[in-house]
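Notebook open, structure on screen. I'm jotting down what I look up as I go.

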Amino acid sequence: MEYFYLPSFKAAIKKLKKKKAYKKIVADLTFFLSNKTKDQLLQTGILISKDGLFTLHKFRLKNSVSGKGSSSGFRFYLALTISDNDNVILCSIYSKDGSQGKENLTAKEVIEILKSINKEIEALPNLESLKDW
């Protein structure tokens, strides 16, 4: 599988990384995603939406800095392309805890994610890859 991310995902990571409580977010995310198959991702995530080109899933991610479980860590959304390529697009991430914390994404925010994915999916080879981090 190859991992890509939307520009808004990168911006959210940069913003969270600045806070001491979230400083290991990239390492936590990389650890979570490393060596996972598509089936393993599908088993751990919650299906949010299914489109003809992709499925959108929500995941819990433990914040290794806080020492708490994944329920108070991060939430992130990713899209899995429905093709032979098994590309993954990281779409959105936020904290459930602390100064940047929020409860859930609103329906409007999820719709915006879906619009972004539909817009960017055609340019998939041009999106930045997680390998670039």
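**Terms first.** I call a residue buried under 20% relative accessible area, exposed over 50%, and partly exposed in between, using a 1.4 Å probe and protein chains only. Helices (H or I, at least four residues) and strands (E, at least two) are DSSP runs, numbered from the N terminus.

**What I'm looking at.** This is a predicted model, where local features need pLDDT of at least 70 and side-chain atom pairs count only at pLDDT 80 or more, while totals for chains, interfaces and linings use all residues. Residues are numbered from 1 along each chain as its sequence is written, and side-chain values use heavy atoms, with hydrogens and water left out.

**Entry 1: the whole chain.** I looked up four helices and six strands in the protein chain. Along the sequence I read them off as β-α-α-α-β-β-β-β-α-β. The C-alpha trace spans about 40 × 30 × 25 Å along its principal axes. I also checked the radius of gyration, which is taken over C-alpha atoms; the globule rule is 2.2 Å times the number of residues to the power 0.38. For 133 residues a compact globule would come out near 14 Å, and the protein chain has 14 Å, so the two agree. Of the 133 residues, 42% count as buried. I then looked at contacts, meaning heavy atoms within 4.5 Å. Among those between residues at least 6 apart in sequence, 58% join residues at least 24 apart.

**Entry 2: the sheet.** Two strands pair if DSSP finds at least two bridges between them. In what order do the six strands of the open sheet lie? I got β2-β3-β4-β5-β1-β6, with mixed pairing. β2 (46–50) and β6 (128–129) are at the edges with a single partner strand each, so one side of each has no neighbour in the sheet.

**Entry 3: β2 and β3.** A hairpin of three residues links β2 to β3. These strands run antiparallel, joined by four bridges. I noted two pairs: Lys50 has Thr55 as its bridge partner in β3, and Ser49 has Leu56. β3 is largely enclosed by the rest of the structure, because seven of its eight residues are buried.

Lys58 sits in β3 too. Is Lys58 buried or exposed? Its relative accessible area is 15%, so I put Lys58 down as buried. Leaving out residues up to four places away in sequence, Lys58 touches Gly45, Ile46, Ile48, Arg75, Phe76, Tyr77, Tyr94 and Asn104.

**Entry 4: β4.** This strand has antiparallel partners that I looked up one by one. β3 (residues 54–61) is joined to β4 by eight bridges, and β5 (residues 87–95) pairs with β4 over seven. Across from His57 I found Leu78 in β4.

In a regular strand the side chains alternate between the two faces of the sheet. Which residues of β4 point which way? Phe74, Phe76, Leu78 and Leu80 go one way, and Arg75, Tyr77, Ala79 and Thr81 go the other. Both sets are buried, which fits my tally of eight buried residues out of eight in β4.

**Entry 5: Phe74.** I picked out Phe74, which lies in β4 (residues 74–81). Phe74 has 0% relative accessibility, so it counts as buried. Opposite Phe74 stand Leu61 and, in β5, Ser95. Setting aside neighbours within four places in sequence, Phe74's contacts include Leu16, Tyr22, Ile25, Asp28, Phe59, Ile93 and Tyr94. I also checked Phe9, 65 residues from Phe74 along the chain: their C-alpha atoms are separated by 13 Å.

**Entry 6: the largest pocket.** Rolling a probe the size of a water molecule over the atoms shows where empty space is left. Here a pocket is an open set of points on a 1 Å grid over the protein atoms alone where a 1.4 Å probe fits, with protein on both sides within 12 Å along at least five of seven lines; lining residues have an atom within 4 Å of a point. A volume is the space filled by probe spheres set on the points, which are joined across faces, edges and corners.

The largest pocket holds about 340 Å³. It is lined by 18 residues, and closest to its centre are Ala12, Ser92, Ile93, Lys102 and Leu105. α1 (7–17), β5 and α4 (107–120) are the elements that give two or more residues to the lining.
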